[in-house]
Amino acid sequence: VDLSASKLEIARIMGATQPTMTVLSDRPDSPNAADTWHTDVTWIAEPPKAALLHMETPSLVGGDTLGASATKAYDALSPAVQEFFCGLTVVHDKAGFGERVAAKAGAARDQILAALERDYPPVEHPLVRTHPETGKRALFFARQFISHIKDLTAAESDMVLDFVDD
């Protein structure tokens, strides 16, 4: 079953206990669902410490993958916006991920969706995280996994999320 996105989390649901290497294959019939910059797997209580991306077979057309620095994105903000962002708590939810999994899960669809619902309720993370070793601050962001920012109105939350996403 090709589940794309966070196969490690799905593997855990299915009983795996060790990190895995996964080959993702984006094709015309299974296009890339991660076309925006993001931090991987923000919808779990303890997100992975690292994610690695290695291209096995480059596309003859397109296939561009760009890196982004969440630390530099934070550093580029004005001090006033940095201070404001440091006080924000974001609610992350696997709903978007679950929908993409369901579309590719085939016969395992219902089992996987039930396990995601059972094991991964919405979680809260700060919008800005501080690296425990370097002390550098970075945005912790994955729009596709964010439902809203706590303590803001829906319009304010959407405005901030749209700003960060741009």
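Does Phe 85 count as buried or exposed, and at what relative accessibility? In this predicted model, Phe 85 has a relative accessibility of 3%, so the residue counts as buried, the limit being under 20%. The account below starts with helix 6, then comes back to Phe 85 and the other aromatic residues.

Helix 6 runs over residues 154–165. At 1.5 Å a residue, its twelve residues should span 16 Å, and the end C-alpha atoms are indeed 16 Å apart, so expectation and model agree. Four residues of this helix are buried: Ser 157, Val 160, Leu 161 and Val 164. Viewed down the axis of helix 6, these buried residues fall within an arc of 95°, and therefore they line one face of the helix. The spacing fits a general rule: an α-helix has 3.6 residues a turn, so residues three or four places apart point the same way. On the other side of helix 6, Ala 155 and Met 159 are exposed. The cover over the buried residues of helix 6 includes helix 3 (79–86), strand 4 (137–139) and strand 5 (146–149).

Aromatic residues come next. The structure holds four aromatic pairs. One of them joins Trp 43 and Tyr 120: the ring centres are 5.2 Å apart and the planes stand at 85°, so this pair is edge-to-face, a class that begins over 60 degrees. Trp 43 sits in the loop between helix 1 (7–13) and helix 2 (70–75), while Tyr 120 sits in the loop between helix 5 (109–119) and strand 2 (123–126); the pair therefore ties together parts that are 77 residues apart in sequence. Both partners are buried: Trp 43 has a relative accessible area of 0%, and Tyr 120 has a relative accessibility of 14%.

Phe 85 belongs to another aromatic pair, with Phe 163 as its partner. Their rings are also edge-to-face, at 6.2 Å centre to centre and 75° between the planes. Because Phe 85 lies in helix 3 and Phe 163 in helix 6, the pair ties together parts that are 78 residues apart in sequence. The partners differ in exposure: Phe 85 counts as buried at 3%, whereas Phe 163 is partly exposed, with a relative accessible area of 48%.

Two further aromatic features remain. Trp 43 and Tyr 120 form one aromatic cluster together with Phe 145. Elsewhere, a charged residue meets a ring: Arg 129 lies over the face of Phe 140, at 4.5 Å from the ring centre.

Definitions and conventions: Residues numbered from 1 in each chain as written. Predicted model: local features only at pLDDT ≥ 70, side-chain atom pairs only at ≥ 80, totals over all residues. Heavy atoms only, no water. Helix = DSSP H or I, 4+ residues; strand = E, 2+ residues; numbered from the N terminus. Expected span 1.5 Å × (residues − 1). Buried < 20%, exposed > 50% of the residue type's maximum accessible area, 1.4 Å probe, protein only. Arc of directions from axis to C-beta. Contact = heavy atoms within 4.5 Å. Phe/Tyr/Trp six-rings, centres within 6.5 Å; stacked < 30°, edge-to-face > 60°. Lys NZ or Arg CZ within 6 Å of the ring centre and 35° of its normal.
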